[in-house]
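Colleague: Could you zoom in on a single part of this model for me and tell me how it is put together? I'd like one connected walk through it, with cut-offs wherever you use a term.

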Amino acid sequence: MGLGSTAKKIQSLSERAEAMYKQVQQLQKRIISLEEEMDETHDTVNRMDHQLTEQRALLLAIADEHDLDGEQILADAAIDEAELEAEESDTAADETTDESADADASDATAK
């Protein structure tokens with residue numbers, strides 16, 4: 001193996017190392033950007049949570065002024081929402097089961 005061949009290999013390795021270094025720098029920039037976005041999102045969620053808490057307190061106060069049981073209304077709404085989610089989940093499970101049965105029937109027919 002001559003010096004020219006060794007030099008070419010070293011040059012090739014050097015170029016690959018430089019390309020990988022640039023990729024690492026790009027990844028580092030992307031990670032920093034994602035961290036900043038995550039921090040902004042966290043702050044936004046915290047603000048929205050605080051506003052939601054304030055709105056809930058305000059609505060409960062209004063309900064109380066009108067002699068309504070705000071907590072009961074919220075509990076009923078939560079129950080209704082949970083029932084709706086359960087129905088949607090059951091529907092999705094039924095559709096998945098139907099699709100599996102159709103696929104099994106197609107496989108049996110093909111055999």
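Modeller: Let's start at Asp67, which sits in the loop between α1 and α2. Bear in mind that this is a predicted model: local features need pLDDT of at least 70, side-chain atom pairs count only at pLDDT 80 or more, and totals for chains, interfaces and linings use all residues. Numbering runs from 1 along each chain as its sequence is written, and side-chain values rest on heavy atoms, with hydrogens and water left out.

What is unusual about the phi of Asp67? The angle is near 55 degrees, a positive value in a residue other than glycine. Asp67 also has a relative accessible area of 73%, so this loop residue counts as exposed. On that scale, buried means under 20% relative accessible area and exposed means over 50%, with partly exposed in between (1.4 Å probe, protein chains only).

The loop makes sense once you see what flanks it. The protein has 2 helices and 0 strands; both kinds of element are DSSP runs numbered from the N terminus, H or I over at least four residues for helices and E over at least two for strands. Helix α1 takes in residues 3–65, and α2 covers 70–110.

Now look across the turn, on both sides of the loop. Ala63 belongs to helix α1 and is buried, because its relative accessible area is just 8%. Ile73 is found in helix α2. How far from Ala63 is Ile73? The two are 10 residues apart in sequence, and their C-alpha atoms are 9.3 Å apart in space. Ile73 itself has a relative accessible area of 46%, so it is partly exposed. To put Ala63 in context, 2% of the protein's 111 residues count as buried.

Ala63 and Ile73 also turn up together in the lining of the largest pocket, along with Leu52, Gln55, Arg56, Leu59, Leu60, Leu68, Gly70 and Leu74. Two elements, α1 and α2, each give two or more residues to that lining. Helix α1 has the largest share, with 6 residues. The pocket holds about 160 Å³ of space. For you as a chemist, the fine print: on a 1 Å grid over the protein atoms alone, a pocket is an open set of points where a 1.4 Å probe fits, with protein on both sides within 12 Å along at least five of seven lines, and a lining residue has an atom within 4 Å of a point. The volume is the space filled by probe spheres set on the points, which are joined across faces, edges and corners.

One of those lining residues, Arg56, does something else as well. Its side chain meets that of Glu71 in a salt bridge, 3.3 Å from N to O. That pair links distant parts of the chain, with Arg56 in helix α1 and Glu71 in helix α2, 15 residues apart. The term here means a side-chain nitrogen of Lys or Arg within 4 Å of a carboxyl oxygen of Asp or Glu. Arg56 has a relative accessible area of 42%, so it is partly exposed. Glu71 is partly exposed too, because its relative accessibility is 45%. In general, side chains of opposite charge can pair when their charged atoms come close.

How many salt bridges does a search of the whole structure find? It finds 2. Away from the loop, Lys22 and Glu18 have side chains that meet in a salt bridge at 3.9 Å, N to O. Both of these residues lie in helix α1, 4 residues apart, which is about one turn of the helix. Lys22 is partly exposed at 47% relative accessible area, and Glu18 is partly exposed at 46%.

Back at the turn, then, the picture goes like this. Asp67 carries its positive phi in the loop between the helices. Arg56 in α1 and Glu71 in α2 pair up across it, while both helices contribute to the lining of the largest pocket.
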